[in-house]
Amino acid sequence: MPTLTLRVSDELALQFAALAATEGGKSALIRRLLEGAVGAPESKRAPVAVGLPQKVTVRFRESELRQVGEMAAARGMTRTQWITSLVRSRLGAPAQQSEGEREALRTIARELSRIGGNINQIARAANRSELDPGADSWKVLSEAQGALHALQGELKEVLDRTSTYWEGR
């Protein structure tokens with residue numbers, strides 16, 4: 001996804017930041033302004049929550065509260081976190097990951113970073129003509145490709161598991 005960069009005065013930046021704080025953040029406000037300027041349909045992004053958090057009291061029967069507690073514990077969450085995540089998912093917010101899912105995503109990110117570093121080293125060596133284009137080089141690249149495909153599958157699985165959980169499928 002492309003990134004746009006611009007320079008503005010300190011005063012304008014402060015004024016914009018103050019306005020954006022009430023509009024879901026600077027990126028969200030800029031995105032909406034750009035979409036409006038070019039007549040693009042609004043993106044499918046969930047509305048960003050703004051304002052101070054408010055307390056809501058919800059009553060459950062004892063058996064329901066026990067079930068909520070069990071479901072929350074199964075995802076490594078408190079009851080409040082689980083209920084909040086459920087409501088936010090129905091409002092269109094991004095799916096909330098459990099601690100296990102977050103750890104799986106961190107592991108995948110570390111592995112992708114390691115593979116990326118290896119590929120950068122190979123590319124630098126190739127650019128300096130230090131790389132022997134023999135079978136060993138192709139073997140390393142083939143292994144990296146296989147690892148990337150496996151990580152892609154793991155990533156899809158974690159994200160699918162998270163989204164299907166909160167969508168109730």
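## A buried arginine and two helix crossings

R75 is buried, with a relative accessible area of 9% (buried means under 20%, exposed over 50% and partly exposed in between, with a 1.4 Å probe and protein chains only). This is a predicted model, in which local features need pLDDT of at least 70 and side-chain atom pairs count only at pLDDT 80 or more, while totals for chains, interfaces and linings use all residues. Residues are numbered from 1 along each chain as its sequence is written, and side-chain values use heavy atoms, with hydrogens and water left out.

Let's start with the overall picture. The chain has 6 helices and 0 strands, where helices (H or I, at least four residues) and strands (E, at least two) are DSSP runs numbered from the N terminus. Along the sequence that reads α-α-α-α-α-α. Of the 169 residues in the chain, 14% are buried. The accessible surface comes to about 13,400 Å², and 56% of that belongs to carbon and sulfur atoms; such areas come from the Shrake-Rupley method with a 1.4 Å probe, and for residues only the protein chains shown count as cover. Take the contacts (heavy atoms within 4.5 Å) between residues at least 6 apart in sequence: 53% of them join residues at least 24 apart.

Back to R75, which sits in the loop between α3 and α4. Which residues does R75 touch, not counting those up to four places away in sequence? The list is W82, Q96, Q97, S98, E99, E101, T162, Y165 and W166. In the run-up to that loop, helix α3 (residues 62-74) has 13 residues and reaches 18 Å from its first C-alpha to its last, close to the 18 Å expected at 1.5 Å a residue (the expected span is 1.5 Å times one less than the number of residues). Just after α3, G76 takes a positive phi of about 75°.

The axes of α3 and helix α4 (residues 79-90) come within 8 Å and cross at roughly 90°. Axes here are lines fitted to C-alpha atoms, for helices over the stretch in contact, and angles run from 0 to 180 degrees between N-to-C directions. The two helices are therefore roughly perpendicular to each other (65 to 115 degrees; under 35 is roughly parallel, over 145 roughly antiparallel and the rest oblique). On the α3 side the contact uses L65, V68, G69, M71 and A72, and α4 brings R79, W82 and I83. By class, that is 6 nonpolar, 1 polar and 1 charged residues, with Ala, Val, Leu, Ile, Met, Phe, Trp, Tyr, Cys and Pro counted as nonpolar, Asp, Glu, Lys and Arg as charged, and the others, Gly among them, as polar.

Earlier in the chain, the axes of helix α1 (residues 10-21) and helix α2 (residues 26-38) come within 8 Å and cross at roughly 90°, which makes α1 roughly perpendicular to α2. Here F16, A17, L19 and A20 of α1 meet K26, L29, I30 and L33 of α2. The class count is 7 nonpolar, no polar and 1 charged residues.

Finally, helix α6 (residues 135-166) holds L155, and V158 is in α6 too. L155 is partly exposed at 30% relative accessible area, whereas V158 is buried at 5%. Leaving aside neighbours within four places in sequence, L155 is in contact with L105 and I108; on that basis V158 is in contact with E101, A104 and L105. Their C-alpha distances to A104 are set out here:

| Pair | Apart in sequence | C-alpha to C-alpha |
|---|---|---|
| L155 and A104 | 51 residues | 8.3 Å |
| V158 and A104 | 54 residues | 7.4 Å |
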